[in-house]
Amino acid sequence: MKREILLLGDERLYEISEDIKMEELSFIKEVVLDLHDTMMEFRKIYGVGRAIAAPQIGVKKRLIYMHIDKPVVFINPKLEYNDREMMEVMDDCMSFPNLLVKVNRYKRCTIKYRDIDFKECVMDLEGDLSELLQHEYDHLDGILATMRAVDDRSFYLKAESKKCHRDTENEEKRVVYGKIQK
Ligand SMILES: [Zn+2]
C-alpha cells in the first residue's frame, strides 16, 4: 500500500530507529511492500527513486529498501569504511524532492545487514551505491542530507514543474553531476 512520505521538517524524520528482531519479520515484510509501493508511486511522479528508508514512511525501524534492477532489503544495516577517500555529491531525498544539497560522502563502504530471511549478508559498495546507502543509513539515525551540507551555500532548488523533473531536469542532472538521482 502506498504510504505518505514524511517531508523535511517532520519531527519523526529526526528520530533514531530501532533494531528489528527476528520475530518482527512478518510485520517487516508488510512494511517492505509499502516501501515498494510508495517508491514506485514517487517514481511515477518524479521519474527517480532508487531507495527508501522505513522512517520516511513513519516506521521507526532499521530497514532500507532498494530497488534498482531488483529489490534488495537491508535489515539492521551497519556501514564500515575501509578507506577514508571522500567525494562531493549533489544529494537529494524523497523527503525534499525539490532540493539538492552538496554533501561529502565516502567513495567506498561495506554494508553488513540481514536480508528478508534474516540471513547475514555483506556487500561492498562504490560510487553511486556507496553514496546511496550512506544517505539511506543516515535516515535510520535521524540524519538528513541537509544536516550534512558542505557549507551554508550548499542548497539548490530544483525547478518546480514535475514535468520538468521527468523530461529535462533529470537528464540535466545526469550530465552535470554524472550520476543518477536517488
Ligand atoms: Zn532520503
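In what order do the elements of the chain run from the N terminus on? I read them off as α-β-β-β-β-β-β-β-α-β-α. That comes to three helices and eight strands. Both are DSSP runs (H or I and at least four residues for a helix, E and at least two for a strand), numbered from the N terminus.

A note to myself: this is a predicted model, where local features need pLDDT of at least 70, side-chain atom pairs count only at pLDDT 80 or more, and totals for chains, interfaces and linings use all residues. Residues are numbered from 1 along each chain as its sequence is written.

Next I looked up burial. A residue is buried if 20 or more other C-beta atoms lie within 10 Å of its own, exposed if 12 or fewer, and partly exposed in between, with C-beta atoms placed from the backbone. Of the 182 residues of the chain, 28% count as buried.

Then I turned to helix H2 (128-140). I found it mostly covered, with 11 of its 13 residues buried. Among them are Leu 132, Leu 133 and Tyr 137. I also checked its span: at 1.5 Å a residue, the 13 residues should cover 18 Å (1.5 Å times one less than the number of residues), and the end C-alpha atoms are 19 Å apart, which agrees. After H2 comes Gly 142, with a positive phi near 75°.

My last stop was Met 147, in the loop between H2 and strand E8 (155-157). Is Met 147 buried or exposed? Met 147 is exposed, because I find 11 other C-beta atoms within 10 Å. Val 103 is 44 residues away from Met 147 in sequence, yet their C-alpha atoms are 9.1 Å apart in space.
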